[in-house]
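Colleague: I'd like to learn how to read a model like this one, feature by feature. Can you walk me through it?

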Amino acid sequence: MSKIHNAFTVLMGIPTPVVAAPMAGASGGALAAQTSAAGAFGFVSAGYLTPSRIQEELSLARALLRLTETDPLPIGVGYLAWQLEKDLASAAGLLNLALSNKVQAIWLAFGNSIGRWIDHVRSYDASSGREQRTLIFVQVSSVKEALIAIHDWKVDVLVAQGSESGGHGHSAAPPLLTLVPSILAVLPKDGPCLLAAGGLSTGGHVSSLLALGVSGVVLGTRFLMTEESFYNEVQKKMLVMANANSTVRTMAFDRARGTLDWPEGVDGRAIYNRTVKDMDDGVDIEIVRENFNKAVQNRDPDQILVWAGTGVELVTDIQTAQDVVRELHADMMEHLTLVSTLIAA
Ligand SMILES: Cc1cc2nc3c(=O)[nH]c(=O)nc-3n(C[C@H](O)[C@H](O)[C@H](O)COP(=O)(O)O)c2cc1C
């Protein structure tokens, strides 16, 4: 198989510059392991999971990748920094769980003390006496945040998240095609690898972003639409049916389910339905909550939560994670070949 050779693929030791995002409520050990097994890189989301559930997912990934207890684990774990900040007493334990499982990378986003968690990971590596250096991924949505991640935190991988993204993001995030060049303009030559996230779902998207200057991409929604993601059949069917006009940025679902500790300015992109409409129309919050909880029990597509990015329109079936990576790789190569033929001799 032909490979992409750039700073990111060399850093990660992978042929395909694609990352499956850590998606709270959706990315477990099977999704991460199968993504990495196919030559991209997968994350488990610690999200809202308990320590024992995180360990189960990491053990599942280890088993699927046929690794021994002591082998490094070629997947990452993503943390919602505000969840770590909510309970400082247990935060170190949550991070150590991933570190003691020798994951290749830690992903941090959405918090006010991200530097503190990065210091923790680096101290763990230094004091453990092991050779492995855990790679730090941080997701940002502005040049201001990017500069902090580059210069103060010295992250290994910076993820630029545009407004097209599925799931949570900054409500003021610019579109990806504006955000990426803005960050590239301030990225030092010896700076972190830059990845692009938001609304990407095809190999053509991947090759376009590589041509723009990033060294890899992060896809969420495309990997939600896999056999391995935790989304149920109704949610997956809603994703298959969705088109480019189906998604909206909103806090309606967070208000309905009571997840309100996100940092200021964060909302999320999801499929529009009656929960959003009722919230926008000013229906009493207790009624919206009651209806939402009932809908979750009954899997009612009119009201349940389905996070999705704008690229959802271009995905029309549910595949295995390995097939998604293989398809993206082949499609990306075809587009890159096409682009190279445009250059006159
Ligand atoms: C269901 C879902 C859950 C997500 N959970 C997280 C998360 O826990 N942490 C995080 O940093 N980003 C999370 N994201 C955002 C992704 O990191 C990424 O930016 C986004 O999926 C990219 O856009 P796309 O979905 O259009 O590909 C989530 C996205 C989705 C779709």
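Modeller: Sure, we'll go through pockets, ligand contacts, burial and backbone angles in turn. Keep in mind that this is a predicted model.

Colleague: Let's start with the pockets. What volume does the largest pocket have?

Modeller: About 930 Å³. The lining comes to 50 residues, and the closest to the pocket's centre are Met23, Ala24, Gly167, Tyr231 and Trp307.

Colleague: Which elements give two or more residues to that lining?

Modeller: They are S3, strand S4 (103-109), strand S7 (167-170), strand S9 (216-219), helix H10 (221-224) and helix H14 (285-298). H14 gives the most, with 4 residues.

Colleague: And how does the lining of the largest pocket divide by class?

Modeller: There are 26 nonpolar, 21 polar and 3 charged residues.

Colleague: Where does the largest pocket lie relative to the domains?

Modeller: Look at which domains give residues to the lining. Both domain 1 (7-233 + 309-341) and domain 2 (247-298) do, so the largest pocket lies between them.

Colleague: How would you describe the second largest pocket?

Modeller: The space in it is about 330 Å³. It has 18 lining residues, and nearest its centre lie Gly111, Asn112, Ile114, Glu145 and His170. Strand S5 (135-140) and H7 each supply at least two residues of this lining. By class, the lining of the second largest pocket has 9 nonpolar, 6 polar and 3 charged residues.

Colleague: Now the ligand. How many residues surround the ligand, and which are the closest?

Modeller: The ligand is surrounded by 25 residues, with Trp107, Gln139, Gly199, Gly220 and Thr221 the closest.

Colleague: Which atoms of glutamine 139 and the ligand pair up?

Modeller: For pairs like this, check the atom types and then the distance. In glutamine 139, a polar side-chain atom lies 2.9 Å from an oxygen atom of the ligand. Glutamine 161 also has a side-chain N or O atom 2.9 Å from a ligand oxygen. With alanine 24 the backbone takes part: one of its N or O atoms lies 3.0 Å from a nitrogen atom of the ligand. Alanine 24 came up before, among the residues closest to the centre of the largest pocket.

Colleague: What about polar contacts inside the protein? What does the side chain of arginine 249 reach?

Modeller: Arginine 249 lies in strand S10 (residues 247-250), and its side chain reaches the backbone oxygen of glycine 169 at 3.5 Å. A polar atom of that side chain also lies 2.9 Å from the backbone oxygen of serine 163.

Colleague: Next, burial. Is threonine 134 buried or exposed?

Modeller: The cut-off you need is that buried means under 20% relative accessible area. Threonine 134 has a relative accessible area of 2%, so it is buried. You'll find threonine 134 in the loop between helix H6 (114-128) and S5. Its side chain makes a polar contact with the side chain of arginine 130, at 3.4 Å.

Colleague: Why does valine 103 count as buried?

Modeller: Because its relative accessibility is 0%. Valine 103 sits in strand S4. In sequence, valine 103 and proline 15 are 88 residues apart, and their C-alpha atoms are 19 Å apart in space.

Colleague: And alanine 256, buried or exposed?

Modeller: Buried, because its relative accessible area is 2%. Alanine 256 lies in helix H12 (residues 252-257). Between alanine 256 and phenylalanine 41 there are 33 Å in space, C-alpha to C-alpha, and the two are 215 residues apart in sequence.

Colleague: Last one: backbone angles. Why do people look at the sign of phi?

Modeller: Because most residues other than glycine have a negative phi. Here, arginine 66 has a positive phi, near 55°.

Colleague: Where is arginine 66 found?

Modeller: In the loop between helix H3 (51-64) and strand S3 (73-80). Arginine 66 has a relative accessible area of 76%, so it is exposed.

Colleague: What is the phi of lysine 154?

Modeller: It's near 45°, again a positive value in a residue other than glycine. Lysine 154 is in the loop between helix H7 (143-152) and strand S6 (157-161), and with 55% relative accessibility lysine 154 counts as exposed.

Notes
Residues numbered from 1 in each chain as written. Predicted model: local features only at pLDDT ≥ 70, side-chain atom pairs only at ≥ 80, totals over all residues. Heavy atoms only, no water. Buried < 20%, exposed > 50% of the residue type's maximum accessible area, 1.4 Å probe, protein only. 1 Å grid on protein atoms, 1.4 Å probe; cavity = no way out; pocket = protein on both sides within 12 Å on 5 of 7 lines; lining within 4 Å. Points joined across faces, edges and corners; volume = space filled by probe spheres on them. Nonpolar A, V, L, I, M, F, W, Y, C, P; charged D, E, K, R; others polar. Domains from an automatic or database assignment. Near = heavy atom within 4 Å. Polar contact = N/O pair within 3.5 Å; in protein donor to acceptor, adjacent residues only side chain to side chain.
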